[in-house]
Amino acid sequence: MHFQKSIRMKKHNFSAGPCILPQEVLKKASNAVLNFNNLDLSLIEISHRSADFVAVMNKATDLVLELLELKDKGYSALFLQGGASLEFLMVPYNLMKKNGKAAYLDTGAWSSKAIKEAQSIGEIEVVASSKDKNYNYIPKDFTISSDVDYFHCTSNNTIYGTQIKEFPQTDGLLVCDMSSDIFSRKLDFSKFDLIYAGAQKNMGPAGTTLVVVKDEILGKSGRKIPSILDYQIHSSKDSMYNTPPVFAVYVSMLTLEWLKEKGGIEAIEKLNNAKAELLYNEIDNNPLFEGAAAREDRSTMNVTFLLTDDTKKDAFDKMCKEAGINGLNGHRSVGGYRASIYNAMPIESVQVLVDLMRKL
Ligand SMILES: Cc1ncc(COP(=O)(O)O)c(C=O)c1O
């Protein structure tokens, strides 16, 4: 591999998260850390209340609503902290009525954690689970009681490589953890009452969590909510109730700008489908590999696969290492390999992987 002086040659980064971000975004972010907006100050040493940073926050929230086609539809976009994991708790705190209940679909480790947190707040009905097959599929035959306050699901199961293709109808509110596929495919986002996502897949660095919430659903739980967990408070303070994670919000803004320049979600979805198809085709046609997830539920973001002949493992791992492939190991609960091919992953990197699979 040849390295040009001072230009870093990037590896093919298949990491599940934190993960690949667009190179242009990383360059702009680096510059802003040294000198932001020609202020002769770093982005991370100015006040979050300064006009320069307030403009960043406003732009980031605007871009979220614009890209999701939720502008002027009664939604707020919030940049919070505590990871998607804190949303596991904030969602029931804010949306489950006193003596109410909520329904959850269990499609993996993250759904299970969301269920566990919600159980500490109130009554939870688990409508279906794919735990019986180590979460390698999305359950489809289930009913959601009409008296639940909300139904919660995980759109993309990062560990297992499954993705919900059709979301169920529910009489209550629809809440979704979209941590690992937000901004990757077109959906009617107005069907959702609350969406949350940790930034560190398709949006930016770890450190901020995006929450997109329909304003009219807030303030109705009848509970006393601690201020830091109260969406209404965060919303009324434009995500500045306390000091926001300024760097993570800024890099998220840059990534959303990048996505808009690329043509938005519609354009990136085409590219994501092409990358996924290229890789799944190889998995299906190469006798040395098999997919880990049920075909109809395959994720376009996290492609999980196994070797059919374990004696080839050392050779394949060596080839990957030599080709500069990073982050391909499967999660310990599935084994094998997981290629995370988020928005910023170029199809050329997927082709490098596919060529190695053929060579093996
Ligand atoms: C689908 C999903 N939900 C939730 C989480 C937890 O996110 P965080 O680590 O930001 O709390 C992850 C992390 O990978 C995830 O993939």
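**Exercise 1: polar contacts of the ligand**

Task: In this predicted model, find how far a polar side-chain atom of serine 85 lies from an oxygen atom of the ligand.

Solution:
- Start with the side chain of serine 85: a polar atom there sits 2.6 Å from a ligand oxygen.
- Move on to threonine 158, where an N or O atom of the side chain is 2.5 Å from an oxygen atom of the ligand.
- Don't skip the backbone: a polar backbone atom of alanine 84 is 3.1 Å from a ligand oxygen.
- Check these against the 3.5 Å cut-off for a polar contact. The pairs with serine 85 at 2.6 Å, threonine 158 at 2.5 Å and alanine 84 at 3.1 Å can then be ticked off.
- Now for burial: on its own the ligand has 390 Å² of accessible area, and the protein covers 85% of that.

**Exercise 2: the shell around the ligand**

Task: Work out how many residues surround the ligand, and which helix gives the largest share of the shell.

Solution:
- Count the neighbours: there are 13, and the closest are Ser85, Thr158, Asp177, Gln200 and Lys201.
- Sort the shell by class and you get 8 polar, 3 nonpolar and 2 charged residues.
- Sort by element next: helix 3 (residues 83-95) supplies 4 residues, the largest share.

**Exercise 3: the cavity**

Task: Search the whole structure for cavities of 30 Å³ or more and say which residues line the largest cavity.

Solution:
- The search turns up 1 cavity of that size, and the largest cavity holds about 30 Å³ of space.
- Walk along its lining: Ile20, Leu21, Pro22, Lys201, Asn202, Thr255, Trp258, Tyr342, Asn343 and Ala344.
- By class, that lining splits into 6 nonpolar, 3 polar and 1 charged residues.
- Spot the overlap: Lys201 lines the cavity and is also among the closest residues to the ligand.

**Exercise 4: an aromatic pair**

Task: Explain why the pair of phenylalanine 36 and tyrosine 250 is classed as it is.

Solution:
- The structure has 10 aromatic pairs.
- In the pair of phenylalanine 36 and tyrosine 250, the ring centres are 5.3 Å apart and the planes meet at 80 degrees, so the pair counts as edge-to-face.
- Place the partners: phenylalanine 36 is in the loop between helix 1 (23-34) and helix 2 (51-67), and tyrosine 250 is in helix 6 (residues 246-261). At 214 residues apart, the pair links distant parts of the chain.

**Exercise 5: backbone oddities**

Task: Find which residues a cis peptide bond joins, and where glutamate 69 is placed.

Solution:
- The cis bond joins glycine 17 and proline 18, with omega about -5 degrees.
- Proline 18 belongs to the loop between strand 1 (12-13) and helix 1.
- Glutamate 69 isn't a glycine, yet its phi is positive, about 55 degrees.
- Look for glutamate 69 in the loop between helix 2 and strand 2 (75-80).

How values were computed: Residues are numbered from 1 along each chain as its sequence is written. This is a predicted model: local features need pLDDT of at least 70, side-chain atom pairs count only at pLDDT 80 or more; totals for chains, interfaces and linings use all residues. Side-chain values use heavy atoms; hydrogens and water are left out. On a 1 Å grid over the protein atoms alone, a cavity is a set of points where a 1.4 Å probe fits but cannot get out, and a pocket is an open set with protein on both sides within 12 Å along at least five of seven lines; lining residues have an atom within 4 Å of a point. Grid points are joined across faces, edges and corners, and a volume is the space filled by probe spheres set on the points. Ala, Val, Leu, Ile, Met, Phe, Trp, Tyr, Cys and Pro count as nonpolar, Asp, Glu, Lys and Arg as charged, and the others, Gly among them, as polar. A residue is near a molecule or strand if one of its heavy atoms lies within 4 Å of it. A polar contact is a pair of N or O atoms within 3.5 Å; within protein, one must be able to donate a hydrogen and the other to accept it, and residues adjacent in sequence count only if both atoms are side-chain atoms. Accessible areas come from the Shrake-Rupley method with a 1.4 Å probe; for residues, only the protein chains shown count as cover. Helices (H or I, at least four residues) and strands (E, at least two) are DSSP runs, numbered from the N terminus. Rings of Phe, Tyr and Trp (its six-membered ring) pair if their centres lie within 6.5 Å; planes under 30 degrees apart count as stacked, over 60 as edge-to-face and the rest as tilted.
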